[in-house]
Amino acid sequence: SDLIGGAELTTEALIKRSPRGFKLHSASLTPRLLERNLNKRFVLFNYAALPVETIDLIPGSGARYSVVEYDFKHCAWRSEFRHRAQTGQPCDCTETPHGKRIQKLYEHADQRYWMSSRQRDLIVARFPGMKRLDSVVLASVFDTETLDLLASLRKRAATNTKDTRVAVLAGGSWIKGIDQTVAWCKQENREFVQVGDPDYKTFLTKLANHQTLAFMPLDYDTCPRVVIEAKLLGLDLILNDNVLHKDEDWFVGSVEKTEAYLRINADQF
């Protein structure tokens with residue numbers, strides 16, 4: 001509940017599929033709490049706030065756990081681009097205690113879930129020993145209600161005259177490259193408007209009225225949800241190569257093909 005974003009919505013959709021499950025803020029998972037609940041199964045979602053001593057303990061604790069990786073937590077900055085920007089040096093986190101700690105967390109997990117094949121391949125390239133380990137490319141997860149809403153908005157928008165101004169996100173974290181995307185629109189003389197709303201359904205309704213979305217993140221964005229939402233709403237997409245899922249088989253092709261995949265992809269979880 002600290003944030004509302006694509007990772008959080010995927011987490012909520014997966015938790016809905018686990019009726020006996022409950023949420024625990026990662027900062028609250030102390031070594032003592034872990035050791036008192038080794039009969040439980042743990043799924044680590046956004047675990048950036050997990051205490052270091054807990055990360056060190058989990059792999060050898062006997063805990064049954066899986067990791068759902070939304071970004072690149074082997075890097076202390078969660079982004080090799082940002083690492084270089086902040087330090088002036090290439091990311092060397094794989095050789096640091098932090099990187100080795102995350103590697104061990106990955107390697108001892110019962111299962112590793114990734115948001116895109118390119119994300120998985122980039123991380124495995126940093127830790128070649130992981131090639132032999134099972135993993136699942138899950139992608140973003142949508143609950144049935146959201147997929148039904150997107151389909152309804154797409155059908156409704158198809159009968160209306162669409163706004164030809166390029167839609168650009170109105171806000172978001174640094175990685176979303178909003179200023180960069182605005183600059184591209186200006187350079188290409190494309191009329192644009194920034195779209196956003198704190199209410200998720202209202203945001204989707206506004207986005208559905210547009211013909212095109214431009215989204216150009218500053219660094220690797222593993223499976224940006226807004227790009228999927230825009231496709232399911234029938235928008236044309238202007239993307240850069242940092243959108244890591246853009247060439248995935250489930251995403252390339254018709255809207256119907258993408259929607260069909262998203263209705264079953266969580267079955268892998």
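Q: Let me start with the residue Y113: which residue in β4 is its bridge partner?
A: Happy to begin there. Strands of a sheet pair through backbone hydrogen bonds, either parallel or antiparallel. Here, in a model that is predicted, Y113 has V136 of β4 as its bridge partner. The chain gets from β3 to β4 by way of helix α6 (residues 117-126), and this β-α-β crossover is right-handed.

Q: In what sense do β3 and β4 pair, parallel or antiparallel?
A: Their pairing is parallel, and it extends over two bridges.

Q: How many bridges join β2 to β3?
A: Strand β2 (residues 64-69) and strand β3 (residues 111-114) are joined by four bridges and run parallel. You can follow the register by eye: V67 has R112 as its bridge partner in β3, while E69 stands opposite W114.

Q: What is the strand order of the sheet?
A: Read across the open sheet, the four strands come in the order β1-β2-β3-β4, with parallel pairing. Strands β1 (41-44) and β4 (136-137) each have a single partner strand, so each leaves one side without a neighbour in the sheet; these two stand at the edges.

Q: Are the faces of β3 covered or not?
A: For burial, the cut-off to keep in mind is under 20% relative accessible area. By that reading both faces of β3 are covered, with Q111 and Y113 buried on one side and R112 and W114 buried on the other.

Q: Which helix lies across β1, β2 and β3?
A: That is α5 (residues 97-107), which runs at about 115° to β2.

Q: Back to the crossover helix: which residues of α6 are buried?
A: Look for Q119, I123 and V124, which are buried in α6. The arc they cover around the axis is only 125°, which puts them on the same side of α6.

Q: What do the buried residues of α6 pack against?
A: They pack against β2, β3 and helix α5. So far we have followed the sheet and its helices; let us finish at the start of the chain.

Q: Where does A7 lie, and which residues does it touch beyond four places away in sequence?
A: A7 lies in helix α1 (residues 6-16). Leaving out residues up to four places away in sequence, A7 touches N46 and Y70.

Q: How many residues apart in sequence are A7 and S140?
A: They are 133 residues apart in sequence, yet their C-alpha atoms are 7.7 Å apart in space. When you turn the model, try picking out these two positions together.

How values were computed
Residues numbered from 1 in each chain as written. Predicted model: local features only at pLDDT ≥ 70, side-chain atom pairs only at ≥ 80, totals over all residues. Heavy atoms only, no water. Pairing = 2+ DSSP bridges. Contact = heavy atoms within 4.5 Å. Axes fitted to C-alpha atoms, helices over the stretch in contact; angles between N-to-C directions. Buried < 20%, exposed > 50% of the residue type's maximum accessible area, 1.4 Å probe, protein only. Right-handed = clockwise from strand over helix to strand, strands pointing away. Arc of directions from axis to C-beta.
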